[in-house]
Protein chains: 4
Amino acid sequence: MSSSPVPPRRTHDRQSQAPGYTVHKSDHLARLGKIEGQIRGISRMVTDDRYCIDVLTQITAASRALQEVALGLLDDHVRACVADAARTNPAQAEEKYTELNDTLRRALRL
Amino acid sequence: MSSSPVPPRRTHDRQSQAPGYTVHKSDHLARLGKIEGQIRGISRMVTDDRYCIDVLTQITAASRALQEVALGLLDDHVRACVADAARTNPAQAEEKYTELNDTLRRALRL
Amino acid sequence: MSSSPVPPRRTHDRQSQAPGYTVHKSDHLARLGKIEGQIRGISRMVTDDRYCIDVLTQITAASRALQEVALGLLDDHVRACVADAARTNPAQAEEKYTELNDTLRRALRL
Amino acid sequence: MSSSPVPPRRTHDRQSQAPGYTVHKSDHLARLGKIEGQIRGISRMVTDDRYCIDVLTQITAASRALQEVALGLLDDHVRACVADAARTNPAQAEEKYTELNDTLRRALRL
């Protein structure tokens, strides 16, 4: 599951619409860079035989940080892509709603 | 929250007990290395303006992989540290139960 | 937390817009009725001293069923309320996006 | 999934060990009774066409309350059943660790 392949490349350009998260792109990248550092720190803790519970505490923090990025991207997506489709393209909007729902289902682990 | 500081260093040695996850240490490290790669891949997707939903799908996969590591560490912890305290040291066992409960509370986001 | 008071009454009528979940209202009510029965069943299991793990399994099932209702309501909400605001009322749409984001934040336990 | 059947009846008596949650039984029942009321309240909100977001807020509260009961039962289970097996019956202890891990996997939605 963790090895889910990177999906076929879709950019916003190909969909001829503005990327929803462009305005917060550098924020998202900064957060992701920090999470990468958190994961590296967790690996170091395991290497150093640090106490299990302390490792788990850091995993929960990294996991929460990752969910924050997801929430930010979802917000950008709704404000840009979903709203845009709702305004201009009913058929595409239908697709967007279904896609959003599937994404939330996975995020909520249902 | 995502910036929760690395806690004061506790190793299993200091607690004079075998590290609970020693037997699976290389598994945990392999998984964490893979997750680090997943996070880097997500950053690259954002840099390349990949479609929001595809980025979110990868975040969910990385988040799930992280929870798998947590679950593995919890299992090791219960089988080694908690069980050991239950068998040999009632006072320390009390501490371990409370600590485990606090950790699960955070993992379940309560 | 579990005792969060029922918020001040807002109906869709007052907001002069169609209730987002009207079309699936009876589905949602059927699911909620079933969940109520699941909770009652869990109480009965505790009363009867049933094995902890079996009780926990039923709690997870009820919790998942509850998230399914939430997901269904979210879908209805996006397709009706959010989309409608996006199409007709930019200022109200802003409010809807923020409100949706806050709701997702709580649902994801962030 | 929400319709997962009540599993074959296992009581603690049959397993000839003290019920792990006996000491908190009335607490758990009180919480479950309250959650049942919350679910009924949510049904009423849907019946009354209350605003989707307000319904979702109450679902999140009920869901959290349910997780609190799960956490309490898990704590009781570890302190009684798991600890007892660790002290007295290595073979049964193995079973308990695996069972606990499976339960946490489901609770964490993995």
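In chain B, helix α2 (residues 52-88) packs against helix α3 (residues 90-107) at an angle of about 165°, and their axes lie 8 Å apart. That angle makes α2(B) roughly antiparallel to α3(B). Do keep in mind that this is a predicted model. Below is a quick tour of this helix pair, of how chains A and B are related, and of one threonine in chain C.

**The helix pair in chain B**
- The crossing of α2(B) past α3(B) is left-handed.
- On the α2(B) side, the residues in contact are B:Gln67, B:Leu74, B:His77, B:Val78, B:Val82, B:Ala85, B:Ala86 and B:Thr88.
- They meet B:Pro90, B:Gln92, B:Ala93, B:Lys96, B:Tyr97, B:Glu99, B:Leu100, B:Leu104 and B:Ala107 in α3(B).
- Sorted by class, this contact of α2(B) with α3(B) comprises eleven nonpolar, four polar and two charged residues.

**How chains A and B are related**
- A turn of 180° with a shift of 0.0 Å along the axis lays chain A on chain B, with an RMSD of 0.0 Å.
- The two copies are therefore related as by a two-fold rotation axis.
- Of the interface residues of chain A, 100% are also interface residues in chain B, so the copies meet through the same surface.

**A threonine in chain C**
- C:Thr103 sits in helix α3 (residues 90-107) of chain C.
- Is this residue buried or exposed? C:Thr103 counts as buried because its relative accessibility is 3%, and the cut-off for buried is under 20%.
- Leaving aside residues up to four places away in sequence, C:Thr103 touches D:Ile53 and D:Leu56.

Technical notes
Residues numbered from 1 in each chain as written. Chains lettered and ligands numbered in written order. Predicted model: local features only at pLDDT ≥ 70, side-chain atom pairs only at ≥ 80, totals over all residues. Heavy atoms only, no water. Helix = DSSP H or I, 4+ residues; strand = E, 2+ residues; numbered from the N terminus. Buried < 20%, exposed > 50% of the residue type's maximum accessible area, 1.4 Å probe, protein only. Contact = heavy atoms within 4.5 Å. Least-squares fit on C-alpha atoms with pLDDT ≥ 70 in both. Axes fitted to C-alpha atoms, helices over the stretch in contact; angles between N-to-C directions. Parallel < 35°, antiparallel > 145°, perpendicular 65-115°, else oblique. Left-handed = near helix turned anticlockwise from the far one by under 90°. Nonpolar A, V, L, I, M, F, W, Y, C, P; charged D, E, K, R; others polar.
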